[in-house]
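Here's a friendly walk through one protein chain, for anyone meeting it for the first time. Take a look at the structure, then read on.

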Amino acid sequence: MSSDKKEKKKRSKEPLTDKESKRKLIIRGVLLGVAVIVAVVAFSIAMKAYLHKDPGYYKIDADRVADALAYSHGIELTCYFDGSSDEIRTSINEVRSAYSAALARLYKLLDPVNTYEGFKNLAYLDQHPGEDVEIDAELFEILNSAYALTVNGRFNMFAGALYSEWQGISVLQEQADFDPLLNPDENERIAAIAACVGDLSNFTYEVVDPYEHIVRFDVSEAYKQFARDYELTAPVIDLAYLKEAYEIEYTASAVERTGHTNGYFVTDEGLSKAMSGVNEGAYVLHTLESGLAVRACFAELKGGMAICETRVFSLNESPLYYTIEKGGETLFRHPHFDYAGGGTYDTLISACAISYSGDIVSAAIDSYRLLSSASSADAAEYASGRAGENTALAYVLKAEPNTVYADAAHTGVFLTDEESVGTVKPIS
């Protein structure tokens with residue numbers, strides 16, 4: 001080893017002088033300070049970018065509600081905001097507050113299973129048959145609406161047992177083992193439940209005091225015995241697929257009252273509601289191509305309109321949708337069963353209803369009723385009878401997945417482009 005190298009190695013082992021130690025500490029301090037400054041600047045830039053809001057559309061995140069964590073699951077609100085960054089931030093907070101409070105309240109009021117402190121909701125009413133119960137104004141209006149629809153044969157608010165039976169099958173690991181098309185015992189059970197809940201003489205709903213919102217609900221002794229025989233534990237009153245429709249109807253009104261009206265609601269299950277200030281956008285009607293969901297056609301979104309698309313397939317891998325094999329054919333199973341007989345059909349693979357008056361409940365019923373048609377003739381008859389100035393209807397048949405059948409007055413409403421695989425034809 002050379003003398004220079006020996007000397008260098010020797011010096012490296014010698015302890016640092018106080019002067020050298022101080023110099024190293026200063027250098028380390030400076031580097032640390034620079035790193036901290038860089039981190040602070042980077043954080044400040046990131047926070048500024050996060051806090052800065054440009055005009056545009058924003059998805060509104062619902063506030064957390066401790067006793068109803070899932071209240072906003074499957075529902076989204078998107079709104080357009082303009083103005084300065086501070087104004088936009090303030091507007092978003094205003095909408096979020098109104099949206100969260102209204103949706104959480106409606107979710108609790110319409111929950112058929114769980115009760116909540118401070119609420120006399122569907123579950124409470126179901127647990128107190130034969131009693132006079134004073135309920136909130138919103139629930140009073142919704143129950144009266146649902147009961148009128150039930151009496152008119154458009155819906156059945158007392159079919160909770162049937163809804164629960166199908167839900168129970170859909171969430172099983174081996175759904176086919178209990179599907180009524182393959183399981184004779186389950187087929188008999190569903191048919192019996194459908195017949196029982198379809199007999200409206202088994203149920204009473206009475207407005208005791210319209211001013212104090214006092215109502216009375218009860219079931220017959222025959223229903224009680226039937227429930228014991230079939231070991232039914234599900235609530236009787238259940239708004240089922242209309243629950244989200246009512247939630248959006250009342251929540252949209254609450255958001256509109258903030259003065260922010262350019263926004264729209266969408267749900268995983270196909271509901272959409274355009275608020276009054278919406279002036280752009282489109283809604284897609286889907287079909288299947290090689291087993292994949294694709295655009296069949298679309299409709300322009302206009303202020304105040306409500307749309308519902310029901311499908312025999314899911315866009316988000318929901319367990320409520322599955323398939324079975326029977327007679328060499330793949331059959332789609334889904335939650336849109338026929339309330340009259342309890343059966344589920346896949347004659348149609350998608351159905352769409354548009355309410356230009358904004359009646360999202362009616363749109364949900366029309367779309368549901370179309371999809372639960374046992375035959376194409378039934379679907380055509382229903383669509384022809386329901387379509388009108390404020391209602392547009394369309395559907396896709398399983399046998400003709402590339403054809404969209406629309407009511408004759410609204411074939412021009414359902415549009416196609418280069419991304420659409422459907423051809424629109426009038427219902428004959």
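## Strands side by side

Let's begin with a pair of strands: β10 and β13 (residues 348-355) run antiparallel and are joined by six bridges. One residue pairing to look for is Glu-309, whose bridge partner in β13 is Cys-352.

Now zoom out. That pair belongs to an open sheet of nine strands with mixed pairing, in the order β1-β2-β6-β7-β10-β13-β14-β15-β16. Why is one side of β1 and of β16 left without a neighbour in the sheet? Both β1 (56-60) and β16 (423-426) stand at the edges with a single partner strand each, so there is nothing in the sheet on the other side. From one strand to the next, the twist averages 20°.

## Helices on the sheet

Helix α3 (residues 85-109) packs on the sheet, where it touches β1, β2 (75-81) and β6 (263-267). The direction of α3 makes about 155° with that of β2.

Helix α10 packs on the sheet too, touching β7 (271-274), β10, β13 and β14 (391-397). Its direction makes about 155° with that of β13.

## How sure is the model?

Keep in mind that this is a predicted model. The pLDDT averages 91 over the chain, and 88% of the residues score at least 70. Two stretches to treat separately are residues 8-12, with pLDDT below 50 and zero contacts in the model beyond near neighbours in sequence, and residues 42-49, where the pLDDT is also below 50 and such contacts are again zero.

## The pockets

The largest pocket holds about 900 Å³ of space. Its lining has 32 residues, with Tyr-163, Gln-167, Ala-240, Lys-243 and Glu-244 nearest the centre. Elements giving two or more residues to this lining are α6 (160-170), α9 (243-256), β10 (306-311) and α10 (360-371). By type, the lining splits into 18 nonpolar, eight polar and six charged residues.

The second largest pocket has about 400 Å³ of space. Of its 20 lining residues, Gly-153, Asp-338, Tyr-339, Ala-340 and Arg-369 lie nearest the centre. Here α10 and α11 (376-386) are the elements that give two or more residues. This lining counts 10 nonpolar, six polar and four charged residues.

## One cavity

How many cavities of 30 Å³ or more does the structure hold? There is one, with about 30 Å³ of space in it. Tyr-163, Trp-166, Gln-167, Ser-170, Leu-320, Pro-335 and Phe-337 line this cavity. Five of these lining residues are nonpolar, two are polar and none is charged.

Definitions and conventions:
Residues are numbered from 1 along each chain as its sequence is written. This is a predicted model: local features need pLDDT of at least 70, side-chain atom pairs count only at pLDDT 80 or more; totals for chains, interfaces and linings use all residues. Side-chain values use heavy atoms; hydrogens and water are left out. On a 1 Å grid over the protein atoms alone, a cavity is a set of points where a 1.4 Å probe fits but cannot get out, and a pocket is an open set with protein on both sides within 12 Å along at least five of seven lines; lining residues have an atom within 4 Å of a point. Grid points are joined across faces, edges and corners, and a volume is the space filled by probe spheres set on the points. Helices (H or I, at least four residues) and strands (E, at least two) are DSSP runs, numbered from the N terminus. Ala, Val, Leu, Ile, Met, Phe, Trp, Tyr, Cys and Pro count as nonpolar, Asp, Glu, Lys and Arg as charged, and the others, Gly among them, as polar. pLDDT is the predictor's confidence in each residue, from 0 to 100. Contact means heavy atoms within 4.5 Å. Two strands pair if DSSP finds at least two bridges between them. Axes are lines fitted to C-alpha atoms, for helices over the stretch in contact, and angles run from 0 to 180 degrees between N-to-C directions.
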